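Me: I'd like to learn how to read an interface between two chains. Can you walk me through one?

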Number of protein chains: 2
Amino acid sequence: MSLIVMKFGGSSVADADKIKNVANRVIERARKNKVVVVVSAPGDMTDDLIELSRKVTDSPDDREMDMLISTGEQVSIALLTMAIKSCGVNAISLTGPQAGIYADTSHTKARITKIIPTKINNELSKGKVVIVAGFQGINPHEDITTLGRGGSDLTAVALAAALKSNECEIYTDVDGVYTTDPRVVKEAKKIPVVSYDEMLEMAGSGAQVMQGRSIEVAKKFGVKIHVRSSFKKTEGTSIMEEGSEVEEVVVRAVTFDKNQVKLSILDIPDRPGIASKIFGELAKESINVDMIIQSAARQKYNDISFTVARPDIKKTHNILNALKKTLGASGVIVDDTVAKVSIVGVGMKSHPGVASTMFNALAKKGINIEMISTSEIKISCVIKAADIEKAVATLHRAFELEKK
Amino acid sequence: MSLIVMKFGGSSVADADKIKNVANRVIERARKNKVVVVVSAPGDMTDDLIELSRKVTDSPDDREMDMLISTGEQVSIALLTMAIKSCGVNAISLTGPQAGIYADTSHTKARITKIIPTKINNELSKGKVVIVAGFQGINPHEDITTLGRGGSDLTAVALAAALKSNECEIYTDVDGVYTTDPRVVKEAKKIPVVSYDEMLEMAGSGAQVMQGRSIEVAKKFGVKIHVRSSFKKTEGTSIMEEGSEVEEVVVRAVTFDKNQVKLSILDIPDRPGIASKIFGELAKESINVDMIIQSAARQKYNDISFTVARPDIKKTHNILNALKKTLGASGVIVDDTVAKVSIVGVGMKSHPGVASTMFNALAKKGINIEMISTSEIKISCVIKAADIEKAVATLHRAFELEKK
């Protein structure tokens, strides 16, 4: 009897009826498999708790924030376990700490350090379905910690690895990973199988289905992920190692990210250590820089432009303004009217000409490219935000993704 | 620096402003004392969670119910600790299990078996205020359990005992214990000091300030309790061992209980084992019987009447109906128009004539007594519910409690 890990997000357990629906999905699986279920907090509960804490203080303590928000998943596991047991199927809920999920001491965004699944295995061997609270663990001080955004996916994938499970099913409110967002391009097709690396690049370039961290862990431990709908029974998208099961295509998907802002610092002297100075200061403030270009506008002077996520705009602007004097720059420009469009596919590695197809397609539609960055299996362009939907549709058609 | 345990009920932490108020009360105390705080779940949160569980299933599992409702206190401790820390006072929250509160395996109404306050003492020695979740503990299976109604008071008193604290302060929405309910008799006076035994009898006969279990534990370990208002700074009521500090009065208070129902089983044969049979069956169903009278109505036949709490009426009626045939009784009567009025006072032991004063006072007002029960320091009468307010006012005046 093989073991399956099923993970349900907050929207899948948002109310009593949805919890009963999840219970049914779990019970169905439990007929043929040992089952471990990971659940997130119901609906908006985490946000509501955070809002409540803001009414108490502007600067909530991180340890106490974890104590507070970890209650959300505890509510979900209790309700789901009740629902399953009331159908006559034996089950037990475990908090992250009870499940043996150990994490480091960085509150609100801890990393899992190890999993000791003794208790889970004991309960499984008694024939129980085990329901584990996602998003949380216990640190060396025996404090409750939370794992940050996408933490429940991470719990599920890490548990699947620790329990040597065949498959980790991620149930969500979409029914799989698409060639692009179907709300933008209605011809978008569901992708049956995608490689870890492609999914990683897609997550990094705007696809919201799963966080990069979970996919990295899945790749590291060879956990096969199946992203599928909580509400429909159709097959979703499998995420696995490149190889025979993953059809090699040149371009798998078009992704986009409207959450980008471009900043430029102008006319800085062209001498060693300047870039290191700028990006060192940003790193100190934990600001994640995405794309960078350096252009020699005039002799001996450079412009440096880069993109950051929208919420970091103010912090970044302040740092650049402070650096302006030190570096002898002539100015700082913030452009929040940009967006990023990307194409991702493992086949790119062996197919030259993909970049030029992309640039041509955009040019033909009169879309100007402001920045370009590439990896082995991804090409991203920063363009005007106003053009983003046209660009996505254009590229989706240019690479014939609607025909897959 | 002596240690004080402060306990705040749910109404004291019902919203952000009230939590900030509690934080201020705690900080004030923490200037001169080591402080351990016990908190209940905010406002109606426990009831809301129970209601949510009822939407998921009619028969929620007890272990999972504890997993669910224990989140309420966890929310309170996190918010209160944030509030205290944001004022620059060091503090840490601990769940019942983290605080070393061990309980037995009876979910939803567990008993505390032991307290190992190592973690609490460590944190206190670092100069922190320690905020402990009331109402919960950990059982030998390492499951979270809850302690039933009044559980947070119990946590506070038991912690005070384990930590050898001088005093346990119970903060609530009333400002102390009164000679009777001030909503019924507006001349009711706050009682400055009351003995454990009196408070136990008062709790058992309708006073709602504290549960009997907590007072028993306080008496056993000699923990002095101070019941006082969360919102006013005035002194409340101290509960302690009889002795020099407790002024000996004949009658300390008049209490009443409208939550009683009288049941009678008629014309049962007068032979040994009948009462044992009836009350054995009720005990099996965990029905708590309060007053009992047996009257020889005719030769060889008895009527047995007793009172139970209103929520048990249906279960009790069913049991009596089932017994009717077995015992050869002629009928079963349910009377839900009764209530109980009691007088409580340690001085009764040495002052004869208290009962007759009580019966006379009621008789003069035309109030008929249906059942009587007495202890060393309490006399209770069952009367018509319609007469209860008149009876309370009459007895309050008869024993001159308004003059105290």
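**Reading the interface**

Reply: Sure, let's start with polar contacts: 17 residue pairs, both at pLDDT 80 or more, are in polar contact between chain A and chain B. A polar contact is a pair of N or O atoms within 3.5 Å; within protein, one must be able to donate a hydrogen and the other to accept it, and residues adjacent in sequence count only if both atoms are side-chain atoms. This is a predicted model, where local features need pLDDT of at least 70, side-chain atom pairs count only at pLDDT 80 or more, and totals for chains, interfaces and linings use all residues. Residues are numbered from 1 along each chain as its sequence is written, and side-chain values use heavy atoms, with hydrogens and water left out.

Me: How many salt bridges are there between chain A and chain B?

Reply: A salt bridge is a side-chain nitrogen of Lys or Arg within 4 Å of a carboxyl oxygen of Asp or Glu. Here the count is two. A:K85 and B:D61 meet in a salt bridge through their side chains, at 3.1 Å, N to O.

Me: What area do chain A and chain B bury between them?

Reply: Buried area is the accessible area (1.4 Å probe) that two parts lose on being put together, summed over both. For this pair that's about 3100 Å², with 66% of it on carbon and sulfur atoms. In chain A, the residues losing the most area to chain B are A:V56, A:E64 and A:M82, together 21% of what that side buries.

How values were computed:
Chains are lettered from A and ligands numbered from 1 in the order in which they are written.
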